[in-house]
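Student: I am new to this one and would like to understand the words people use for it. Could we look at it together?

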Amino acid sequence: MVVESKLWDKLRNGSESRLATETIPRNTGPLAPPMDPNTAPMQDLIYILCHRLRSRDISLELDDFIPSGRTSSIRSFSALATAPESIRQDIHREIDESISAAREQHNASLPVNALPPELLSNIIAEVLKDSETYTNGKLLAVMSLVCRQWNRVVLNSPSLWTRLHGSDEPEYLKRAQVLSKSLGLELSFVLASSETWELLSKVVHRWQDVQLRFWDTGYRFLTELQKLGKQTASKLRKLHMYGTTTTYQPLDLFDPHDPCPLEELDLDGVSVGWDAVNFERLRYLSIGNIIDTAPSAAQLLRILERSRELEILSLVGMSLSHDHAELSGLSQPVLLPRLSSLNLHFLDPSSDFFLRMIRFPQCTAMDVAGIHVSGTNSVSGLSHIVPVIGSAIEVTETELVVYVDKFVISTSGGRHIRVSIGGDPGVALCWLLNTASAALNISPAVILLFYSNLPYDLTTWIISKLSQLQGIVALNLYGGTPQGDHCNPLDCLDKLGDMIQQAFPRLRTLQCWIDTLSELETLRQVVLRRHQAIAGVESPAVSPLQEINVELSGFGSLESSWCARFDEIQALIPGGNLKVRSQRWRG
């Protein structure tokens, strides 16, 4: 009866152990339902098997077990228990094949397998697109084992096998290179293995979207990358290379006499030959952390002259040499008509020069540091960036940040702008007011931050200049304890006297730093004057303060004189929203 039980299990569930080891699976996956022995097809199968048993061994008495019509029961299988081993093995095989054929036929009739192969391939491609690259190999293996139809689709869809990742096993890489046929390959690898490089270097002509990282010993492969250039990588469209050093000799990857098909070039710590490379299709250019082998200003501008399709430009952690002889032929600024994003963070004041040499009328995102101004003439060459800054200020929240040695304009939201102007913050602020005051007045929110304390006269000038702007909704006076001839901006605010009643018309939030009781009294006077300008007025010209945040230099408990003044200030704020040391004041 043990044999009978095994045969019954085999007929009922299929030969799972055998099918699991087959290279190309039968349609015996989870889509197939369990086999019911009392169904008509199973009755027919039992009838046929029993007749085959008797034809092979006439000594077997099977009359009692051969089903009459279609009314047999499971007991028919007891006859199999008395059959010789060789016959039972044949029966096993026939059962395997019969069940597999039945399940294959069943799965083939399911709606998902009625889809055209091209559509099913596209669906699988979308699943892979939404997954992490390093899981591609595992996902494809699982999908190819669902059933015979899926296996055929996966194995005959070259586009599914074009994404290769450093976590893939060498055997998978070899198989993918074959199954992807001649399509371009998408590679993402950390080069540290000779075996990996050997596999990749054989298909350089198929590289299309390449991301290579050189850690530790990976730099020994850099010389091999020379194979990329001189028309040996005609499919290459995206090249991203990241290294850990900037002293390696530039790679000779591109032919300056022929148009380069690259659309994206991202180099970090890896340099290439820069002489007149014709990136006529380039849309994305990022160069970072290259010092000794960075392009000169003239080389970079010539590259940009030929990159009319450029949309994103990022130059970070590098210095530009300014050879006047080289620059003599570049008298006119380079126009980048499609540029939408600009990121300049040079190691020297190159941003100032470089920004004057390019024009980007369609730019909507800009992050620039390294501009230096020393007088009104020094900002005259920056008029072309005003429309970019102004269009962002008009539609999103803006911060004007004052430091002791620079002035920063930054916006948040859909249009990201951050421009840092070094030197005299007063000169930079005056330039901004003269060129973008209209945008500042209609901005949904402008925040003025003093991250540094400045000399009294300069602080007073800045506050008085900005006091009539309609857009300012918050003042953050967080310069800390004044040192030397620097002052607390709160003192300058108080010196406006009765003018404070009309200053900053939309001001809602005031944050300040308090060191002494006299500074706290100054804050009380400022809030009181603001309150007097609003109290009893049906349509006041200024908005009431909604929140005041006070930071204190000490950490101990407050004396009663301090508490009394805080109580008075809280009473002057609608809603009493006063915070001291980031906690709501409770008196």
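Tutor: Gladly! Keep in mind that this is a predicted model. A good place to begin is helix H7, whose buried residues are Arg148, Gln149, Trp150, Asn151, Val153 and Val154.

Student: What makes those residues of H7 count as buried?

Tutor: Buried means a relative accessible area under 20%. Arg148, Gln149, Trp150, Asn151, Val153 and Val154 are the H7 residues listed as buried.

Student: Why is H7 called largely enclosed by the rest of the structure?

Tutor: Helix H7 covers residues 148–155, and six of its eight residues are buried, so the rest of the structure largely encloses it. Across the protein, buried residues make up 49% of the 587 residues.

Student: What makes a set of residues a nonpolar core?

Tutor: Its members are buried residues of kinds such as Leu, Met, Phe and Trp, joined through side-chain atoms within 4.5 Å. The largest such core here has 139 residues, and Trp207, Leu342, Phe354 and Met366 touch the most other members. Helix H14 (residues 425–442) supplies the largest share of this core, nine residues. There is also a second, separate core of seven residues, including Val401, Val408, Leu449 and Ala474.

Student: Which residues is Phe354 in contact with, leaving aside its neighbours within four places in sequence?

Tutor: Among them are Leu300, Leu313, Leu344 and Phe346. Contact means heavy atoms within 4.5 Å, so each of these pairs meets that cut-off.

Student: How do you know that contacts join residues far along the sequence?

Tutor: Of the contacts between residues at least 6 apart in sequence, 68% join residues at least 24 apart.

Definitions and conventions: Residues are numbered from 1 along each chain as its sequence is written. This is a predicted model: local features need pLDDT of at least 70, side-chain atom pairs count only at pLDDT 80 or more; totals for chains, interfaces and linings use all residues. Side-chain values use heavy atoms; hydrogens and water are left out. Buried means under 20% relative accessible area, exposed over 50%, partly exposed in between (1.4 Å probe, protein chains only). Helices (H or I, at least four residues) and strands (E, at least two) are DSSP runs, numbered from the N terminus.
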